[in-house]
Amino acid sequence: MTRSPSVRGRSSVGKPIITLTTDFGHRDPYVASMKGVILSLCPEAVLVDITHEVPKFDVRAGALIMAQAAIWFPEGTVHVGVVDPGVGTARRAIVAVSEHYFFVGPDNGLLMLAAMRDGLKAVYAIENRELVLGRVSRTFHGRDIFAPVAARLASGLRPEEVGPVVEDYVVPSFAEPELVGGELRGEVMYVDGFGNLITNIPEGLLAELGISDGSELSVEVGGRSLRLKLRSAYGEARPGELMAIIDSWGVLELAVNLGSAAEALGAKPGDKVVVRPAGRA
């Protein structure tokens, strides 16, 4: 069953579920403040912390984390994202509605990767002042705008009640890789705790070039030109060997068996990645 933008925001398992993804960390009271607002308005909500350790101000990393985690939640879950270096500026607060979920956060690209992967249906600007806290601070829209709107969506608010539909929402360049002239052009989205370089190049696009497990790849990343084998398991490579693999999220990952690809290549999020079958000019 698919959802329309007007379906109530209660998850398919009965209790409303709201997830939180931020760059706040756990030292300060920011996360607890957001949870307090949510629970005051929707006391039956189940709150799930996806992570609060997104690298500070890194919208790209936050977008990837939300996209990879969101799809595993029950239909109707409300996903809140706050990686918001533009807080207090003219950037909009939005609700993005996809086939199965609601996404609440800033209009800076943070929500779009997840919403587009699930099938984006509509985006609404949050302009209804009755839905947010009485006093909206200049620096904490996570507490004052996103948390109360998320709680109200989880309680059954229709998303069109938050404000008008917008068409000029921010779609970041990293949302979709390109297939151009027999090569794939993407970028490093994230470096995980093992030093693996997570790209935005999906397995399906690799297959369009005839690339599958065992294929030899020509890879350009971080100013380096490499020839790598697409492995089906980390252990197929020798310790310390650079390799490529399709990770658990279904995208191309560059890794070092028992080591760090980020350190070995000096690569970082935002670095361009070009992939083609080895031997193809």
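Is Lys 35 buried, partly exposed or exposed, and what is its relative accessible area? Lys 35 comes out as partly exposed, with a relative accessible area of 23%. That value, like everything in the views below, comes from a predicted model.

**View 1. Asp 49 and Lys 35 meet in a salt bridge.** Here the two side chains come together with an N to O distance of 2.8 Å. The pair ties together distant parts of the chain: Asp 49 sits in strand 2 (residues 46–51) and Lys 35 in helix 1, 14 residues apart. Asp 49 is partly exposed, at 35% relative accessible area. Lys 35 is partly exposed too, because its 23% falls between the 20% and 50% cut-offs. As background, side chains of opposite charge can pair when their charged atoms come close.

**View 2. Arg 92 and Asp 168 form a salt bridge.** The closest N and O atoms of this pair are 2.9 Å apart. Both partners come from loops: Arg 92 from the one between strand 3 and strand 4, Asp 168 from the one between helix 4 and strand 7 (178–180). In sequence they are 76 residues apart, so this is another link between distant parts of the chain. Arg 92 counts as partly exposed at 23% relative accessibility, while Asp 168 counts as exposed at 56%.

**View 3. Lys 268 pairs with Asp 271 in a salt bridge.** Look for the closest N and O atoms, 3.1 Å apart. Lys 268 is partly exposed, with a relative accessible area of 49%. Asp 271 is buried, at 13%. For the wider picture, the structure holds 17 salt bridges.

**View 4. Glu 183, Arg 185, Glu 220 and Arg 276 make up a salt-bridge network.** These four residues are linked through their salt bridges. One member, Glu 220, also has a bridge partner in strand 14, namely Val 274. The next view takes in the strands around that spot.

**View 5. Strand 10 pairs with strand 11 and with strand 14.** Strand 10 (residues 216–221) and strand 11 (residues 224–231) run antiparallel, paired over six bridges. Val 221 has Arg 224 as its bridge partner in strand 11. The hairpin made by strand 10 and strand 11 has two residues between the strands, and Gly 222 takes a positive phi there, near 55 degrees. Strand 10 is also joined to strand 14 (residues 272–277) by five bridges, again in the antiparallel sense.

**View 6. Glu 253 is buried yet has no salt bridge.** You'll find Glu 253 in strand 13 (residues 251–256). The nearest side chain of opposite charge belongs to Arg 231 and is 12 Å away. What Glu 253 does have is polar contacts between side chains: one of 2.7 Å with Tyr 234 and one of 3.5 Å with Asn 196. Leaving aside neighbours within four places in sequence, the residues in contact with Glu 253 are Asn 196, Leu 197, Ile 198, Tyr 234, Met 243, Ala 244, Ile 245 and Asp 247.

**View 7. Asp 84 is a buried acidic residue with a polar contact to Arg 91.** Asp 84 lies in the loop between strand 3 (78–82) and strand 4 (93–98). Its relative accessible area is 10%, so Asp 84 counts as buried. The side chains of Asp 84 and Arg 91 are joined by a polar contact of 2.5 Å. Not counting residues up to four places away in sequence, Asp 84 touches Arg 91, Pro 106, Asn 108, His 141 and Phe 146.

**View 8. The largest nonpolar core has 33 residues.** Ile 18, Val 80, Val 104, Ile 126 and Val 149 touch the most other members. At least two residues each come from strand 1 (17–22), helix 1 (30–41), strand 3, strand 4, strand 5 (102–106), strand 6 (120–125) and helix 4 (141–154). Helix 4 gives the most, with eight residues. Zoom in on Ile 18 and, residues up to four places away in sequence aside, its contacts include Ile 38, Val 46, Val 48, Val 80, Ala 151 and Ala 154. A second, separate core of 30 residues has Val 59, Ala 70, Phe 73 and Ile 94 among its members.

Definitions and conventions. Residues are numbered from 1 along each chain as its sequence is written. This is a predicted model: local features need pLDDT of at least 70, side-chain atom pairs count only at pLDDT 80 or more; totals for chains, interfaces and linings use all residues. Side-chain values use heavy atoms; hydrogens and water are left out. Helices (H or I, at least four residues) and strands (E, at least two) are DSSP runs, numbered from the N terminus. Buried means under 20% relative accessible area, exposed over 50%, partly exposed in between (1.4 Å probe, protein chains only). Lys and Arg count as positive and Asp and Glu as negative; His and the chain ends are not counted. A polar contact is a pair of N or O atoms within 3.5 Å; within protein, one must be able to donate a hydrogen and the other to accept it, and residues adjacent in sequence count only if both atoms are side-chain atoms. Contact means heavy atoms within 4.5 Å. A nonpolar core is a set of buried Ala, Val, Leu, Ile, Met, Phe, Trp, Tyr and Cys residues joined through side-chain atoms within 4.5 Å. Two strands pair if DSSP finds at least two bridges between them.
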